[in-house]
Amino acid sequence: MDLIQQIIARAKSNKQRIVLPEAEEERTLTAADRVLAEDMADIILIGDPAKVKALAEEKGLKNIGKAKLIDPLNCEKSEEYAQLLAELRKKKGMTIEQARELVKNPLYLGCMIIKTGDADGQISGALSTTGETLRPALQIIKTAPGITCVSGAMLLITQKPEFGENGVLVVGDVAVTPMPDANQLSQIAVCTAQTAKSVAGFEDPRVAMLSFSTKGSATHEVVDKVIEATGLAKEMDPSLKIDGELQADAALVPGVGKKKAPGSEIAGNANVLVFPNLEVGNIAYKLVQRLGDAIAIGPILQGIARPVNDLSRGCSVEDIYYLVAITACQAMDAKK
């Protein structure tokens, strides 16, 4: 069973309640129909019921009736949600009138459903920008305990079983924080290791903090940041297997790791890679994807107290379907 099928199997083993707030969008509705047909998750759709039902009928989607369908303009809990939202945002000056308008927005409404315990995760982005997806999540659900920055991990399924976990690597940050400081980078490391457990199913995440230097082979303030972040990550999670600073070859190739970082349990043996900044991470994973024929799955947003994930507006039905499974796995882990 390959990694994607393992993720789907885990999602099916413990069904989670996933909100799809862009239910009037064709790809989203088609993916929801497939999820429901396979009994992979309980789906909550947000949209105009007449439009959703008409689209489902037009596309021949037979399983949409199994979903819970909520009209954002006529939700029975709208006032309850508005009152809670106004309370959550009162220090920012939000009035109850403003809150009542916001809970008509499907992205805000979905996050309120999660906040009150009626759902476990949310996926949007087929119609919305990353900012539009993240804003309500950070305002309402907020970050996980001990975490102040959100980041994005990527699963890289390579054709090289000798690297990572039988060819699979989990890398971050590739999507959110452009220039993390040492504290933020340490949080990214801890969160990416957690994603490796909850989504990729790694029993033993081994984190390499990447740089252009290995163990003092070069000196620079950006290297110092990686070294500091490594120490902070160990303080955040003393059980975390982590080492840095390491060059990419020292992290992945046993012979190189042994030569450049003798005695390191991570060097040459890493399955989680943490990039020093977003620029490096984004470029690196796309090079591996295009030149190395790797499958890249994500980005998977991490650091939010309950999973809220972001799609590309060019996403496929399959992308949405897979992200439902990933979000379900994250939701299981968030409840522990």
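Two parts of the structure are in contact when heavy atoms of one lie within 4.5 Å of heavy atoms of the other. With that meaning in mind, this report looks at a few helices and two single residues in a model that is predicted.

**Helix α2 and its surroundings**

Helix α2 covers residues 26–37, and its buried residues are Thr28, Leu29, Ala31, Ala32, Asp33, Val35 and Leu36. Among the elements that cover these buried residues are the strands β1 (17–20) and β2 (42–46), together with the helices α3 (49–58) and α13. The length of α2 can also be checked by a short piece of reasoning: because a helix advances 1.5 Å a residue, the 12 residues of α2 should span 16 Å, and the end C-alpha atoms are in fact 17 Å apart, which agrees. Just after α2, the chain reaches Asp39, which takes a positive phi of about 55 degrees.

**How α1 meets α13**

Helix α13, already named as part of the cover of α2, is made of residues 317–334, and its axis comes within 8 Å of the axis of helix α1, residues 3–13. The two axes cross at roughly 55 degrees, and α1 and α13 are therefore oblique to each other. The crossing in which α1 passes α13 is left-handed. On the α1 side, the residues that take part in the meeting are Ile4, Ile7, Ile8, Arg10 and Ala11, while α13 contributes Tyr321, Tyr322, Ala325, Ile326, Ala328, Cys329 and Met332. Sorted by class, this contact of α1 with α13 holds 11 nonpolar residues, 1 charged residue and no polar ones.

**Two residues and their distant partners**

Ala9 is found in helix α1, whereas Asp293 has its place in the loop between α12 (278–291) and β10 (295–302). The table sets out, for each of them, the relative accessible area and the C-alpha distance to a residue far along the chain.

| Residue | Relative accessible area | Partner and separation along the chain | C-alpha distance |
|---|---|---|---|
| Ala9 | 35% | Gln194, 185 residues | 19 Å |
| Asp293 | 56% | Gln159, 134 residues | 7.3 Å |

Since residues count as exposed over 50% relative accessible area and as buried under 20%, Ala9 at 35% is partly exposed, and Asp293 at 56% is exposed. Which residues does Asp293 contact, once its neighbours within four places in sequence are left aside? Asp293 is then in contact with Gln159 and Val288, and Gln159 is the residue listed beside Asp293 in the table, with C-alpha atoms separated by 7.3 Å.

Notes: Residues are numbered from 1 along each chain as its sequence is written. This is a predicted model: local features need pLDDT of at least 70, side-chain atom pairs count only at pLDDT 80 or more; totals for chains, interfaces and linings use all residues. Side-chain values use heavy atoms; hydrogens and water are left out. Axes are lines fitted to C-alpha atoms, for helices over the stretch in contact, and angles run from 0 to 180 degrees between N-to-C directions. Helices (H or I, at least four residues) and strands (E, at least two) are DSSP runs, numbered from the N terminus. Angles under 35 degrees count as roughly parallel, over 145 as roughly antiparallel, 65 to 115 as roughly perpendicular and the rest as oblique. A crossing is left-handed if the near helix is turned anticlockwise from the far one by less than a right angle, and right-handed if clockwise. Ala, Val, Leu, Ile, Met, Phe, Trp, Tyr, Cys and Pro count as nonpolar, Asp, Glu, Lys and Arg as charged, and the others, Gly among them, as polar. The expected span of a helix is 1.5 Å times one less than its number of residues. Buried means under 20% relative accessible area, exposed over 50%, partly exposed in between (1.4 Å probe, protein chains only).
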